[in-house]
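Thanks for sharing this one with me. Here are my notes, point by point, beginning with the cysteines.

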Amino acid sequence: MSGSVETVASHLRALATKQAGGARLPSVRDLMRQFGVSPVTVRKALVHLGHQGIVESKPGQGIFVVDRKTTAERSGDMGWQALALGPRRASAEAVGTLLRVPQERIINLGNGYLPEHMQATHLLASAANRALRRPGIWNRVPLEGIEPLCAWFADEMAGAFNAHEITICPGTQSALAAAFRALTSPGDSILMESPTYTGAIAAARAGGLNLVPVPTDRQGIRVDLLEDAFRTTGARILYMQPTYANPTGAVLASDRRDKILALLARYNAFLIEDDWARDFCLDGSAPPPPLAASEQDGHIIYIRSLTKSAAPGLRVGAVCARGPALERLRAVRAVEDFFVSGLLQETTLQLVTSAAWPRHLRNLRVALRERRDALVAAVHKHLGHESLLQTPSGGLHAWIQLPVGVSDMEVTERAAQVQMTVSPGWHWFPADAPGSFLRLSFAALPPASYDEAIARLADICTTGRERLR
């Protein structure tokens, strides 16, 4: 451990030995202020102490002393595992927060999925019934997926890929992990938008990659800084969400698209294009076509999923590639789990080819647009116009900048104490964050609830400012 990480860890270890199990320890913000360190340093100290069974960090709640008596009663001596396992590469803390099922009566502003009443559950039930009547539904299916579903994805991709260049995966997260493993080796550098999807950050770290952040603005990734990053790092992989980026909602500007394609060709690099929110265009005009539709030389690995627009349990997506990269992706997928269940694929096909699917998407966009507008109005009213960096034209989230000196982690912890969930900004940065941010979802609550929810959040932020005085 570095000296600063050891200093924070030693301090927490000393505090924990003097307190009973379950006692709350100083917050991340308090530790940052006391020792003059970054949140990354504090998190490293917490991971180290967590491995030793001394403290546990509960996202959205705080840092607590582990109940050593209870732990000792229910487990044996696990100390040998630290030596056997070696350094830890993967952490599911941020992703685990997103996957946590919200409890009733929680004001949920941190959710990344549609609420159940907006999901395509009834359509899926009918689709599953039709799928079950298909002959051979329980048989093996091709590694790349059933041909009609691959063909449907190809039709959706504006001619970017043919059906034989598509591989069905169990959702975006699996596709990302497979792409990182297929195209990189541990220690390689990967360029990522900053901020970007926390699941991609977690998958890249689990693959032992060196994450290189490239700043963004309201028009997407900064192309001038991207060129510098390619030149100085030697990276051959770029991960991006050009359309309705998560968490910012940015759409890549049209004048940057050709420049990015030119950089990929110049540096012999791959772009992993994560098109997660294409179904969530909220302002009428169609989203721009995928970058992959403008490139024919195999530089782009394209990922599309149906999980967000249908239901969390429909873990079906597609990863698309050409040339040797396609073969490497399929080799990784074969090693992982052979193929996605034929029943799940056939259910998906029955869903997306039904007459009701386009109607579901239209209704969904109308509902999400109403919720987005309610959230934006409430943020402007209670947090100020300057806090909302841009009104998202699609997706499920808004990106909020907190006042100077107000910690996103402290706000998250205090919000949890009043039965509210938000997503702290530091989860979404591949490296240190340049400020304090929150990702707020406009999917989970009815429109009438946002004014009260954001008013409560503003009170928490005001309390944070007052503590600095």
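1. Let me start with sulfur bridges: this structure, which is a predicted model, holds zero disulfides. Cys320 shows how far from bonding a cysteine here can be, since its nearest cysteine sulfur belongs to Cys150 and is 8.6 Å away. A disulfide counts only when two cysteine sulfur atoms lie within 2.5 Å, so a gap of 8.6 Å leaves Cys320 unpaired.

2. Are these cysteines buried or exposed? Cys320 has a relative accessible area of 0%, so this residue is buried. Cys461 is also classed as buried, because its relative accessibility is 1%.

3. Next, the overall build. You will find 18 helices and 16 strands in the chain. Of its 469 residues, 53% are buried. The accessible surface is about 20,600 Å², and carbon and sulfur atoms supply 53% of that area.

4. The contact pattern deserves a look too. Taking contacts between residues at least 6 apart in sequence, 75% of them join residues at least 24 apart.

5. On to the rings: eight aromatic pairs turn up when the whole structure is searched. One of them is Trp152 with Phe153, whose ring centres are 5.1 Å apart; the planes meet at 75°, so this pair is edge-to-face. Both Trp152 and Phe153 are buried.

6. Another pair is Phe180 with Tyr239, and here the centres are 6.4 Å apart with planes at 80°, so this pair is edge-to-face. Which elements does the pair tie together? Phe180 belongs to helix H9 (residues 172–183) and Tyr239 to strand E9 (residues 237–240), so the contact bridges parts 59 residues apart in sequence. Phe180 is buried because its relative accessibility is 3%, and Tyr239 is buried as well, at a relative accessible area of 0%. If you check the distance yourself, note that rings pair when their centres lie within 6.5 Å, so 6.4 Å falls inside that cut-off.

7. There is also a ring cluster to view: Trp399, Phe429 and Phe437 are linked by ring pairs.

8. Finally, two charged side chains sit over rings. The charged end of Lys308 lies over the ring of Tyr113, at 4.0 Å from the ring centre. Arg322 places its charged end over the ring of Phe161, with 4.6 Å to the centre.

Note on methods. Residues numbered from 1 in each chain as written. Predicted model: local features only at pLDDT ≥ 70, side-chain atom pairs only at ≥ 80, totals over all residues. Heavy atoms only, no water. Helix = DSSP H or I, 4+ residues; strand = E, 2+ residues; numbered from the N terminus. Buried < 20%, exposed > 50% of the residue type's maximum accessible area, 1.4 Å probe, protein only. Contact = heavy atoms within 4.5 Å. Areas by Shrake-Rupley, 256 points an atom, 1.4 Å probe, with all protein chains shown as cover. Phe/Tyr/Trp six-rings, centres within 6.5 Å; stacked < 30°, edge-to-face > 60°. Lys NZ or Arg CZ within 6 Å of the ring centre and 35° of its normal.
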